[in-house]
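Trainee: Please pick one part of this structure and take me through it slowly. Start from a single residue, then work outwards to what lies around it.

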Amino acid sequence: MPFTAPTAEQRFALDHVVHLSELAATDKFAAASDDVIDAVLEGIGQFAAGEWAPLAREGDTVGAKWTPEGVVMPEGYPEAYRAFVEGGWGTIGAPEAFGGQGLPFAIQTAVLETLGTANMGFALCPILTVGAIEALAHHGTPEQQAAYLPRLTSGEWTGTMNLTEPQAGSDVGALKTMATPRGDGSWSIRGTKIFISFGDHDMADNIVHLVLARTPGAPAGTRGISLFLVPKYRLDADGNPGDFNDVRVVSIEHKMGLHASPTCVLSFGDHDDCIGHLIGPEHGGMRAMFTMMNNARLNVGLQGVQVAEGATQKAADYARERTQGARDGQPAAIIEYPDVRRMLMRMKAQTLAARALVYYAAGQVDRAGLGDAAAKDRLELVTPLAKAHATDIGNEVASLGVQIHGGMGFIEETGAAQYFREARITPIYEGTNGIQAADLVGRKLSLSNGAAFASLIADIRAEAKDAGLIALVDACERVGRRLQTADADDRLAASYPFLNMLSVATAGWLVERLARESADDAPGRVRRAVADFYLAQVLPEAMGQIAAAEARAGALYQLDAAAF
């Protein structure tokens, strides 16, 4: 069966997890009326099903191709991208001052979920552009904003994020790309960046690279990093793409998945003719880049939701159609067997939980943007949960989807394996999930002297009704308080199991709410059954991680490196 946007579930999450009506009551988001939201969700569902989903298979099997003239996208992609631009889908959450619609980030999240579920590799392009818009809107000069934001907002131009270098992966402070003053306020950029998603393509007139680089005499490590705006084509006097800016795509990676998304090695300044412009203050690059990265981390968590939704739809369709054996003397579709039902219920439950967790974080983005200091702290705390837990769920659900297909799941033609292959990058990029866990116990537990963590625990406890959920949140509070005063190695050893515990507790809180708010209609009965399964069978598993979260680091160092 063809892809169908999960419009009803998105709207329900927006209403009862994000509480979108509260946002729409503010001046900033007054345009987010019920009819506008419904039109956006229905419209993007139709667009994604008609324009992007049919290209997903071609994107996987043919993929983006490197040529000496640059990257060439698969047939149909440039036309589908132009349709995206013409439909105004890139403008949803962008500032009105630059041609955007100024709608809440949470609505933009729903739009990107639909696009990514239809074609995950393709949707990386607008996700990256959203991040570039965010960085420029917060840190760019008025001149930079006027020159670049309108066409980034429309999608006529696309954006990238350039951090990683061969010797500088998670250790961003080790980067070596140099920016040298040219004497006229601009900078000469020289260096190599790797793993640059959509670093080159043939779908837009210009590509706006945001590049981390060092300036002469800069301090070592991350303190000496600055951020530069480096377009593929310099702008002429009229603000249009003009001269080539000495940014070359050297190669694209041969990857496990996401073949529709070219992952580029970019070389800046091979001929000493690459010009960049400083964004924000010199040596302020990490602050500016984190503006881009924090929302990007939520959008990677959203990719976990995308792949889970797509894999679940495909597996359920197959299970209804595939006949094997008999029940009560009649040929039976495999969906009638308890073990297949178990897997499908788990897939639906985990997808519901992941969506609730990511949408909740998106709602905090909007509240923080309204000046709510408590929401800003809450966003800081739940961002590692949304990024790490939702992507772990995406991998689990995609794997279950292959299992339901049986031997045919291992055969590429069914499409189940594509979800599995594409999910695997999501726990790795935009900060590995281990880094998210380290961030949680190293920085986020102590936010506002521990008040941010205490506030989340109190909010869950105040609303929770399920006995298992109450027991889990109690365990999270106890372990979290211990980790706030534990030494660094013990905190890090416990970080991943603790992140899982707190993520499940937070998702369980939201899932329970969704069940409670569901009407006694067909969608409501489905949602309540799925939520019941989550609370009864998925949530208790997190209690099994208490031992690991309370263990000391010494157990990890009983063997020396050679023994492994």
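**One residue and its surroundings**

Mentor: Start with Ser495, which is buried, at a relative accessible area of 6%. Bear in mind that this is a predicted model. The cut-off for buried is under 20%, so 6% puts Ser495 inside that class. Ser495 sits in helix α16. Now look for its partners far along the chain. Ala437 is 58 residues away in sequence, yet the C-alpha atoms of Ser495 and Ala437 are 5.1 Å apart. Set aside the neighbours within four places in sequence. Ser495 is then in contact with Ala437, Ala438 and Val441.

Which residues does Phe498 touch, once those up to four places away are left out? The list is Leu440, Val441, Leu445, Phe453, Cys476, Val479, Gly480, Leu483 and Ala549. Notice Val441. It is a contact of Ser495, and it is a contact of Phe498 too. Cys476 on that list is buried, with a relative accessible area of 0%.

Phe498 belongs to something wider. The largest nonpolar core counts 149 residues, and Leu115, Phe498 and Tyr534 have the most contacts inside it. Helix α10 supplies the largest share of this core, with 16 residues. There is also a second core, separate from that one, with 27 residues; Ile133, Leu152, Ala168 and Val172 are among them. In general, nonpolar side chains in soluble globular proteins tend to be buried together.

Next, follow α16 (488-517) to another helix. Helix α16 is one of the elements that cover the buried residues of α1. The others named there include α2 (20-24), α3 (34-52), α6 (105-118), α10 and α17. How much of α1 is covered? Nine of its twelve residues are buried. Those buried residues are Thr7, Gln10, Arg11, Phe12, Ala13, Leu14, His16, Val17 and Val18. Just after α1 comes His19, with a positive phi of about 55°.

Helices α1, α10 and α17 lead us on to an open space. The second largest pocket holds about 770 Å³. It is lined by 26 residues, and Glu309, Thr312, Ala316, Lys348 and Val526 are the closest to its centre. Four elements give two or more residues each to this lining: α1 (7-18), α9 (285-321), α10 (338-369) and α17 (522-543). Which of them gives the most? Helix α10 does, with seven residues. So α10 turns up in two places: it gives the most to this lining, and it gives the largest share of the largest core. By class, the pocket lining has 13 nonpolar, five polar and eight charged residues.

Set that beside a closed space. The model has three cavities of 30 Å³ or more. The largest cavity holds about 100 Å³. Its lining has 14 residues, with Phe84, Trp89, Gly90, Pro126 and Val130 nearest the centre. Helices α5 (77-86), α6 and α7 (120-139) each give two or more residues to that lining. The classes here are ten nonpolar, four polar and no charged. Charged residues do appear in the pocket lining, where there are eight.

Stay with α7 for a moment. His139 is in this helix. His139 has a relative accessible area of 14%, so it counts as buried under the 20% limit. Beyond its neighbours within four places in sequence, His139 contacts Ile279, Gly280, Arg287, Ala288 and Thr291.

What about the cysteines? The whole structure has zero disulfides. For Cys125, the nearest cysteine sulfur belongs to Cys264 and is 11 Å away. A disulfide needs two sulfur atoms within 2.5 Å, so that pair does not qualify. Cys125 is buried all the same, at 1% relative accessible area.

Finish with two loop residues. Asp328 lies in the loop between β13 (323-327) and β14 (330-333). Its phi is positive, near 55°, although Asp328 is not a glycine. Glu430 is in the loop between α12 (416-423) and α13 (433-442). Phi of Glu430 is positive as well, near 60°. Buried or exposed? Asp328 is exposed, at 81% relative accessible area. Glu430 counts as buried, at 18%.

Note on methods: Residues are numbered from 1 along each chain as its sequence is written. This is a predicted model: local features need pLDDT of at least 70, side-chain atom pairs count only at pLDDT 80 or more; totals for chains, interfaces and linings use all residues. Side-chain values use heavy atoms; hydrogens and water are left out. On a 1 Å grid over the protein atoms alone, a cavity is a set of points where a 1.4 Å probe fits but cannot get out, and a pocket is an open set with protein on both sides within 12 Å along at least five of seven lines; lining residues have an atom within 4 Å of a point. Grid points are joined across faces, edges and corners, and a volume is the space filled by probe spheres set on the points. Ala, Val, Leu, Ile, Met, Phe, Trp, Tyr, Cys and Pro count as nonpolar, Asp, Glu, Lys and Arg as charged, and the others, Gly among them, as polar. Buried means under 20% relative accessible area, exposed over 50%, partly exposed in between (1.4 Å probe, protein chains only). A nonpolar core is a set of buried Ala, Val, Leu, Ile, Met, Phe, Trp, Tyr and Cys residues joined through side-chain atoms within 4.5 Å. Contact means heavy atoms within 4.5 Å.
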